[in-house]
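Trainee: I should like to discuss how the nonpolar residues and the cysteines are arranged in this structure. May we take the topics in turn?

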Amino acid sequence: AEEDESAPPSRARPVPPPRPRAEEEEEAAADRPEGRLEDSPAEAPPPPPDLGPPVAKYGFYLHVFNFPAAVIHQVRSIKKHFPESPLYLMSDGGMRFDELCRVEGCTFMLCPPANDRWHPWPFLHRLYEGAKTLNTEYVI
């Protein structure tokens, strides 16, 4: 049977492309900045040197990217309610907040962007470094 050219086009869904095979996904992962799972350290990093007693009960780790008004508001709110607590801002390849930290008395670290959803090691390593820097009893 011939198709009627005056009939509306079919509403059938397009067929999705085939999913890549596991080998292709692994090869593609090697090109990503976070690399393959096998590329990450197999052992936990050594414990930090003794930093002495904690400097405060609470320390705040802020994983930021942009939205400067929100970051400024958050930093000032924490400083208002926890004036003795240290803050550690880590920008994941986003905006620089070093001037804010200079004015507000916090620590700022600018890191290259990482796709933490694919491999959580960069996020966990940055949190670990922040906790060492904060040297507090608890990290929020």
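Trainee: In this predicted model, which residues of the largest nonpolar core touch the most other members, and which elements give two or more residues to this core?

Mentor: The largest nonpolar core has 13 residues. Two or more of them come from each of β1 (56–64), α2 (68–81), β2 (87–92) and α3 (98–104). The residues that touch the most other members are Leu62, Val71, Val75, Leu87, Leu89, Phe97 and Leu100.

Trainee: Which residues does a second, separate core include?

Mentor: This core is separate from the one just described and has five residues. Cys111 belongs to it, and Cys111 counts as buried because its relative accessible area is 13%, under the 20% limit. Among the five are Tyr61, Tyr88, Met90 and Cys111.

Trainee: Is Phe82 buried, partly exposed or exposed, and which residues form a nonpolar patch on the surface?

Mentor: Phe82 lies in the loop between α2 and β2. Its relative accessibility is 32%, and since partly exposed covers the range between 20% and 50%, Phe82 is partly exposed. The patch has about 370 Å² of accessible area together, and its members are Tyr58, Phe82, Tyr138 and Ile140.

Trainee: Which cysteines does a disulfide join, and is the disulfide left-handed or right-handed?

Mentor: The structure contains one disulfide, linking Cys101 to Cys106 with an S to S distance of 2.3 Å. Both Cys101 and Cys106 are buried. The torsion about the S-S bond of Cys101 and Cys106 is about -95 degrees, so the disulfide is left-handed.

Definitions and conventions
Residues are numbered from 1 along each chain as its sequence is written. This is a predicted model: local features need pLDDT of at least 70, side-chain atom pairs count only at pLDDT 80 or more; totals for chains, interfaces and linings use all residues. Side-chain values use heavy atoms; hydrogens and water are left out. A nonpolar core is a set of buried Ala, Val, Leu, Ile, Met, Phe, Trp, Tyr and Cys residues joined through side-chain atoms within 4.5 Å. Buried means under 20% relative accessible area, exposed over 50%, partly exposed in between (1.4 Å probe, protein chains only). Helices (H or I, at least four residues) and strands (E, at least two) are DSSP runs, numbered from the N terminus. Patches are made of residues with over 30% relative accessible area and no salt bridge: like charges are joined within 9 Å, nonpolar side chains (Val, Leu, Ile, Met, Phe, Trp, Tyr) within 5 Å. Accessible areas come from the Shrake-Rupley method with a 1.4 Å probe; for residues, only the protein chains shown count as cover. A salt bridge is a side-chain nitrogen of Lys or Arg within 4 Å of a carboxyl oxygen of Asp or Glu. A disulfide is a pair of cysteine sulfur atoms within 2.5 Å.
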